[in-house]
Amino acid sequence: MLRVYRDEDADLTTLEGKRVAVIGYGNQGRAQGLNLRDSAIDVVVGSIRDASAERARADGFAVASIAETAAGADVVMLLIPDEVQRDVYDRELSQTLQGGNTLVFAHGYNVRFRLIKPPDDVDVVMLAPRMIGKVVRDLFVSGSGAVAYVGVHQDPSGNAMATALALAKGIGATRSAVIEQSFAEETELDLVMEQAVDSALHQVLVTAYEGLVEAGFAPEVVAMELYASRELAETMKEMAEVGFFEQMRLHSQTSQYGSLAYAESVLPTEHYRQQIRQRLSAVRSGEFAREWAEEERGGYKRFNQLRDAALAHPLNDTERRLRAMTADENAADT
Ligand code: NDP
């Protein structure tokens, strides 16, 4: 049974007299740090000396090194990129964390794949907003909150979930909904979404672009039709707001018929189901985590090749022309 927590299930006084160290002041660090401070929680920022540290200072936070900040805190929120967490943990946190501390992750990857193994006497929890940091902040300021997952990996104090829920309330998530997920569930689902859903969407849009341009349509118009007009983004927004199938009524009957009638022949269900099973199996067995660790050790060679090829795709030039065209049109309007 899915457990869902709201404001009344979380108690900010759990964090009274406690200091929260936000490690990393980027997408999530800034949003969560500001929201927690506005919820009257004592927040300090730990960062390397970089632009993020300057931004945190400009926002009025006390900023110190990662190890120093963590040493003076009760709750340590690791809000740096997943790829660097293990190194930073080994260097700055492994000797610093004390029994009774709480270590908080915003994504379960490093714990799920045992790349970080915190000491047994430290509570380990997850608070993972399902939203980019900027919107976590904007929603909070507007009086609402981003949906988030919470989970407990280890709970020597017996208080881990109460702490996680208090933090969730502090960032505004319980104003919306906080859903309990294990580190494994959150990580596996996130990876399968990236590898079997985002990848499929990517493939569909790029291949459709190539095929339609080859058939003689103007590249700018194809890009516009596929995603650049934002109609697709608006449709997805409507899916979330009124319902996946209900939003179809916003489109013509011809459009509804076309998408329902040809889905199966364009992407056969059984074939796609099989792809999802395969990606899930590679994620669950740790095969993908090994592949990614290998990439990291090799200096991200394949990743860089893939990214370079994507950034050299003719679609990028089409977009530049499209942007110039749209800007000109706007200029002409004013
Ligand atoms: P960012 O890429 O925004 O980076 C966060 C901070 O880490 C920045 O201040 C960055 O500094 C700093 N940093 C980068 N490299 C290092 C390093 N080697 N040592 C110390 N600090 C470093 O991260 P996110 O906020 O996107 O991600 C943080 C966590 O939140 C991750 O676990 C991620 O999975 C999770 N998450 C992210 C979401 C998102 O919206 N992006 C959504 C939900 C969860 P600098 O300015 O120098 O780069």
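**Exercise 1.** How far does a backbone N or O atom of Q28 lie from an oxygen atom of the ligand?

*Solution.* Begin with the basis of the values: this is a predicted model, in which local features need pLDDT of at least 70, side-chain atom pairs count only at pLDDT 80 or more, and totals for chains, interfaces and linings use all residues. Residues are numbered from 1 along each chain as its sequence is written, and side-chain values use heavy atoms, with hydrogens and water left out.

Next, consider Q28: the distance from its backbone N or O atom to a ligand oxygen is 2.8 Å. For Y25, a polar backbone atom is 3.1 Å from an oxygen atom of the ligand. For D82, a polar side-chain atom lies 2.6 Å from a ligand oxygen.

**Exercise 2.** State how much of the ligand the protein buries.

*Solution.* Taken alone, the ligand exposes 900 Å² (Shrake-Rupley method, 1.4 Å probe). The protein buries 72% of that area.

**Exercise 3.** Describe the shell around the ligand.

*Solution.* First, count the residues: 22 surround the ligand (a heavy atom within 4 Å). The closest are N27, Q28, D50, S52 and D82. Then find the element that gives the most: this is α4, with four residues. Finally, sort by class: 12 residues are nonpolar, eight polar and two charged. Here Ala, Val, Leu, Ile, Met, Phe, Trp, Tyr, Cys and Pro count as nonpolar, Asp, Glu, Lys and Arg as charged, and the others, Gly among them, as polar.

**Exercise 4.** Assess the confidence of the chain.

*Solution.* The average pLDDT (the predictor's confidence in each residue, from 0 to 100) is 96. A score of at least 70 is reached by 98% of the residues.

How values were computed. A residue is near a molecule or strand if one of its heavy atoms lies within 4 Å of it. A polar contact is a pair of N or O atoms within 3.5 Å; within protein, one must be able to donate a hydrogen and the other to accept it, and residues adjacent in sequence count only if both atoms are side-chain atoms. Helices (H or I, at least four residues) and strands (E, at least two) are DSSP runs, numbered from the N terminus.
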